Amino acid sequence: MKFLSILSCLAMLATTFTASAADADTRVFEMRTYHAAPGKLDDLNARFRNHTVKLFEKHGITNIGYWTPIENPENLLVYVLAYPDREARDSAWKDFQADEDWKKAKADSEVNGKLVTKVDQLFMSATDFSPAIQPSVGSGERIFELRTYTTTPNNLPLLHARFRDHTIALFAKHGMTNLFYWKLLPDQANAENTLVYLLAHKSVDAAKASFEAFRADPDWVSARKASEEKGGGSLTIPDGVKSLFLKPTDYSPTR
């Protein structure tokens, strides 16, 4: 019982600090996933490294992080940007796309064909339990895990409460680094039932070991049971938890 009380206190303290950071963060975040044309991912990374990230900054866009999947048969580049608000986002992109330096960099890089075949976008805001969303560099090499949860109807608030009150503290207890937690903006598809978040681990094997220990933790078992009793069953739909392991690019502010 004493241990449970201590863990509860730690969770409350963690929530106080993370909530304060996230409550103050009214920014809009954009997650962009680029599908590189066959054989063009290196050229796309070079364009970001040598031109795009600097031009984003020039136009008031905050670079949060850039990653590629560890297993990447689809030639993806995933990155996150931040803006003061949606209007600022649209204005910044208009100015960026009109920038003569960008036009030249794009034209030079596409002499032998377009680098990107498709772009996926998600517009998000910080949850009230997210740690402060800012670039960070680990003390050693890290891999990242992008996790997306789809909840059963009306159970996103319960899922948020479980993360706020229990999960993030238990993740930390088992060696995982909580980085960013987002909810989708109301105009996004499935905004009412989606949670997106990013963890950091020492390695894929370390991530698997951490999750095994986390799932066996009696405090997690208890928290899950209590939340599912309130929610009328599982808080996520069947196959509603997606995980993608990522590695940072060499130019990513978060790595």
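At what angle do helix 3 and helix 4 pack, and how far apart are their axes? Keep that in mind as we walk through this predicted model.

**Colour by confidence.** The chain has a mean pLDDT of 93, with 91% of its residues at 70 or more. Now select residues 1–22: here the pLDDT is below 50, and the stretch has 22 contacts in the model beyond near neighbours in sequence.

**Show the strands.** You should find 8 strands closing into a barrel, with antiparallel pairing, in the order 1-3-2-8-5-7-6-4. From one strand to the next, the twist averages 35 degrees.

**Pick one strand pair.** Select residues 143–151, which form strand 5, together with residues 236–248, which form strand 8; the two pair antiparallel over 7 bridges. Show side chains for Leu146 and you will see Leu244 of strand 8 standing opposite.

**Add two helices.** Helix 5, residues 156–173, lies across strand 5, strand 6 (177–184) and strand 7 (194–201). Line up your view with strand 7, since helix 5 runs at about 10 degrees to that strand. Next, select residues 204–216 for helix 6, which lies across strands 5, 7 and 8 and runs at about 45 degrees to strand 5.

**Return to the opening question.** Select residues 86–98 (helix 3) and 100–109 (helix 4): they pack at about 60 degrees, with their axes 5 Å apart. Helix 3 brings Phe96, Gln97 and Ala98 to the contact, while helix 4 brings Glu100, Trp102 and Lys103. Colour this contact by residue class and you will find 3 nonpolar, 1 polar and 2 charged residues.

Conventions:
Residues are numbered from 1 along each chain as its sequence is written. This is a predicted model: local features need pLDDT of at least 70, side-chain atom pairs count only at pLDDT 80 or more; totals for chains, interfaces and linings use all residues. Side-chain values use heavy atoms; hydrogens and water are left out. pLDDT is the predictor's confidence in each residue, from 0 to 100. Contact means heavy atoms within 4.5 Å. Two strands pair if DSSP finds at least two bridges between them. Helices (H or I, at least four residues) and strands (E, at least two) are DSSP runs, numbered from the N terminus. Axes are lines fitted to C-alpha atoms, for helices over the stretch in contact, and angles run from 0 to 180 degrees between N-to-C directions. Ala, Val, Leu, Ile, Met, Phe, Trp, Tyr, Cys and Pro count as nonpolar, Asp, Glu, Lys and Arg as charged, and the others, Gly among them, as polar.
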